[in-house]
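Please take a look at the protein shown here and walk me through its hairpins, its ligand shell, its core and its unusual backbone angles. I am a first-year student, so a plain explanation of each term would help.

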Amino acid sequence: MGVIMKKEVPVSKANRLINSGNVIMVTSHYKDKSNIITIAWQTPVSIKPPALAIAVGKERFSLELIKKSGEFIVNIPNWDLLEPMLFCGTHSGRDIDKFKETKLTPEKAEKLIKTPRIKECIGSIECSVIDSIEVGDHIIFFGEILYAEAEEDLFKDGVWDTARAELIYHCGGTCFMKSSEYTKI
Ligand SMILES: Cc1cc2nc3c(=O)[nH]c(=O)nc-3n(C[C@H](O)[C@H](O)[C@H](O)COP(=O)(O)O)c2cc1C
């Protein structure tokens, strides 16, 4: 390997050096409101019990709904849903109904009674909030996983067939990449 020349990255952009997992669309519901928020900052955090975490900005409408209901659903979009994913990441549900605007279909979940999942997504993970912490301008919700499902054609031998599933990854700003073929070692 040649000489590696490094340059300083502003701390405000350092998060872009550690891309998180695939972009997800989180649904929430409280009283008569259902909402969808696009989230790039997510991670699994526990196997026993199965749990994951999402970082939700303090000014997001979704924050209120998740706080009040204590539940959320992680929906997994693929490349086909790039446009509605962007829409849900750039418009607040405070003013509009994102299901109506995007024409995505709310579908009854398996375990959660009220929060709908998104029919067009290739997978979903139903979560009950077990904890939350405040970190700067975001709240991290820890969700225990109650039920999960994935498109059978695309999730094989316990992993996404990444070449065909075409998961969306966020590099930062308006840059995205599509998952490609994995290497089995
Ligand atoms: C690709 C992408 C990734 C995003 N990731 C996050 C995230 O991890 N956390 C967050 O709070 N907002 C994130 N956002 C911004 C929210 O999706 C956006 O502010 C949305 O309009 C909030 O909707 P709401 O007010 O209806 O909850 C992201 C937006 C995009 C386009």
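S12 and S13 make a hairpin with two residues between them, and Gly-173 in its turn has a positive phi of about 55 degrees. S12 covers residues 168-172 and S13 covers residues 175-178; the two pair in the antiparallel sense over four bridges. Two strands count as paired if DSSP finds at least two bridges between them. Within this pair, His-170 has Phe-176 of S13 as its bridge partner. The element names come from DSSP runs numbered from the N terminus: helices are H or I runs of at least four residues, strands are E runs of at least two.

Before going on, two notes on reading the model. This is a predicted model, in which local features need pLDDT of at least 70 and side-chain atom pairs count only at pLDDT 80 or more, while totals for chains, interfaces and linings use all residues. Residues are numbered from 1 along each chain as its sequence is written.

S8 and S9 also form a hairpin with two residues between them, and here the turn holds Gly-136, with a positive phi of about 55 degrees. These strands run antiparallel and are joined by 12 bridges; one bridge pairs Asp-131 with Phe-142 in S9. S8 is joined to S5 as well, through six bridges in the antiparallel sense, and there Ile-76 stands opposite Gly-123 in S8.

Now to the ligand. The shell around the ligand has 21 residues, the closest being Trp-41, Ser-62, Gly-89, Ser-92 and Gly-93. A residue belongs to the shell if its C-beta atom, placed from the backbone, lies within 6 Å of the ligand. Strand S2 (33-39), strand S4 (51-57) and helix H1 (61-69) each give two or more residues to the shell, and S2 gives the most, with four.

In H1, Ser-62, Leu-65 and Ile-66 are buried. That word means 20 or more other C-beta atoms within 10 Å of a residue's own; exposed means 12 or fewer, and partly exposed lies in between, with C-beta atoms placed from the backbone. Why do these three share a side of H1? They lie on the same side because they cover an arc of only 95 degrees around the axis, the arc being that of the directions from the helix axis to the C-beta atoms. An α-helix has 3.6 residues a turn, so residues three or four places apart point the same way. After H1 comes Gly-70, whose phi is positive, near 70 degrees.

The largest nonpolar core has 33 residues, and Val-26 is among those with the most contacts inside it. Such a core is a set of buried Ala, Val, Leu, Ile, Met, Phe, Trp, Tyr and Cys residues joined through C-beta atoms within 7 Å. S5 provides the largest share of this core, four residues.

Finally, some backbone angles stand out. Most residues other than glycine have a negative phi, and most peptide bonds are trans. The table lists the exceptions discussed here.

| Residue | Angle | Place |
|---|---|---|
| Pro-49, cis bond with Lys-48 | omega about -5 degrees | loop between S3 and S4 |
| Asp-157 | phi about 50 degrees | loop between S10 and S11 |
| Glu-166 | phi near 55 degrees | loop between H4 and S12 |

Is Asp-157 buried or exposed? Asp-157 is exposed, with 6 other C-beta atoms within 10 Å, whereas Glu-166 is buried, with 20.
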